[in-house]
Amino acid sequence: MNPHLTLVDHPLVQHKLTIMRDKDTSTNSFRRLLREISHLLAYEVTRGLPMTTREIDTPMQKMDAPVIDGKKLALISILRAGNGLLDGILELIPAARVGFVGLYRDEETLKPVQYYFKVPDELGDRLTIAVDPMLATGNSSVAAIDLLKEAGAKNIIFLCLLAAPEGIARMKEAHPDVPIVTAAVDERLNDHGYIVPGLGDAGDRMFGTK
Ligand code: URA
């Protein structure tokens with residue numbers, strides 16, 4: 001997939017995203033909208049999947065019909081907010097293999113520290129889609145992609161809902177071979193590393209925590 005950044009500016013995605021951004025949108029609605037947007041983003045992110053044909057019998061005659069080629073793709077959720085995107089994508093691609101990367105930020109070094117890592121085997125033969133709704137500083141995304149590459153992933157796409165220019169630049173510098181697919185590129189990060197205008201803390205909003 002090329003270029004490095006794909007903006008999914010479909011009206012349905014943009015409309016749903018606006019409702020998600022609204023601070024008065026309930027947890028329930030936020031989750032439902034995220035699931036709906038995940039379907040639309042999954043449609044976009046899988047556009048380039050390789051195809052082959054399989055011979056089938058329709059009620060009328062034989063035909064060579066198109067099917068997706070290659071190994072089942074791998075969806076990797078970057079915990080915990082990644083799970084919100086993961087659920088919806090899995091509804092569209094139920095046969096996908098699933099992995100999880102857990103990282104927390106060391107408050108002294110401000111560097112991401114791994115606390116969980118479990119991914120499907122043969123990553124090198126699978127399209128690997130790493131999902132995290134918010135590409136903010138890019139620190140955890142870069143660290144997650146580092147780990148996926150160490151585990152053998154070669155064909156990786158990073159899928160998010162919102163991206164900050166700072167995070168996009170950081171990813172491009174560290175992983176120029178990893179295309180980013182996002183529904184929006186916002187203005188900037190604030191002093192706390194939050195995306196503005198953004199939607200707040202994606203994990204808190206989808207899980208109803210504070
Ligand atoms: N993570 C979030 O959940 N929100 C942001 O704005 C940045 C990082």
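**Close-up 1. Val185, a partly exposed residue of strand E12.** In this predicted model, Val185 has a relative accessibility of 36% and therefore counts as partly exposed, a class that lies between buried, under 20%, and exposed, over 50%. Val185 belongs to strand E12, which covers residues 184-185. When neighbours within four places in sequence are left aside, the residues in contact with Val185 are Leu5, Leu7, Ala163, Pro165 and Ile168. Cys160 can be used as a further point of reference, since the C-alpha atoms of Val185 and Cys160 are 10 Å apart in space, while 25 residues separate the two in sequence.

**Close-up 2. A nonpolar surface patch that includes Val185.** Val185 forms a nonpolar patch on the surface together with Leu5 and Leu7, and the accessible area of these three residues together is about 210 Å². Both leucines of the patch also appear among the contacts of Val185.

**Close-up 3. His4, a buried residue in the segment before strand E1.** His4 is found in the segment that comes before strand E1, the strand made of residues 5-7. With a relative accessibility of 12%, His4 counts as buried, because that class takes in residues under 20%. The side chain of His4 reaches the backbone oxygen of Val178, at a distance of 3.2 Å. Apart from neighbours within four places in sequence, His4 is in contact with Ile168, Met171, Lys172 and His175, and also with Pro176, Val178, Pro179 and Ile180. One of these residues, Ile168, is likewise listed among the contacts of Val185, so that the view of His4 can be related to the view of Val185 through Ile168.

**Close-up 4. The ligand and the residues around it.** The residues around the ligand are Met134 and Ala136, together with Gly193, Tyr194, Ile195, Gly200, Asp201 and Ala202. Backbone atoms of several of these residues lie at short listed distances from polar atoms of the ligand, as the following values show. For Ile195, a backbone N or O atom lies 2.8 Å from an oxygen atom of the ligand. For Gly200, a polar backbone atom is 2.8 Å from a nitrogen atom of the ligand, and for Ala202, a polar backbone atom is 2.7 Å from an oxygen atom of the ligand. Of the 230 Å² of accessible area that the ligand has on its own, the protein covers 83%.

Definitions and conventions:
Residues are numbered from 1 along each chain as its sequence is written. This is a predicted model: local features need pLDDT of at least 70, side-chain atom pairs count only at pLDDT 80 or more; totals for chains, interfaces and linings use all residues. Side-chain values use heavy atoms; hydrogens and water are left out. Helices (H or I, at least four residues) and strands (E, at least two) are DSSP runs, numbered from the N terminus. Buried means under 20% relative accessible area, exposed over 50%, partly exposed in between (1.4 Å probe, protein chains only). A polar contact is a pair of N or O atoms within 3.5 Å; within protein, one must be able to donate a hydrogen and the other to accept it, and residues adjacent in sequence count only if both atoms are side-chain atoms. Contact means heavy atoms within 4.5 Å. Patches are made of residues with over 30% relative accessible area and no salt bridge: like charges are joined within 9 Å, nonpolar side chains (Val, Leu, Ile, Met, Phe, Trp, Tyr) within 5 Å. Accessible areas come from the Shrake-Rupley method with a 1.4 Å probe; for residues, only the protein chains shown count as cover. A salt bridge is a side-chain nitrogen of Lys or Arg within 4 Å of a carboxyl oxygen of Asp or Glu. A residue is near a molecule or strand if one of its heavy atoms lies within 4 Å of it.
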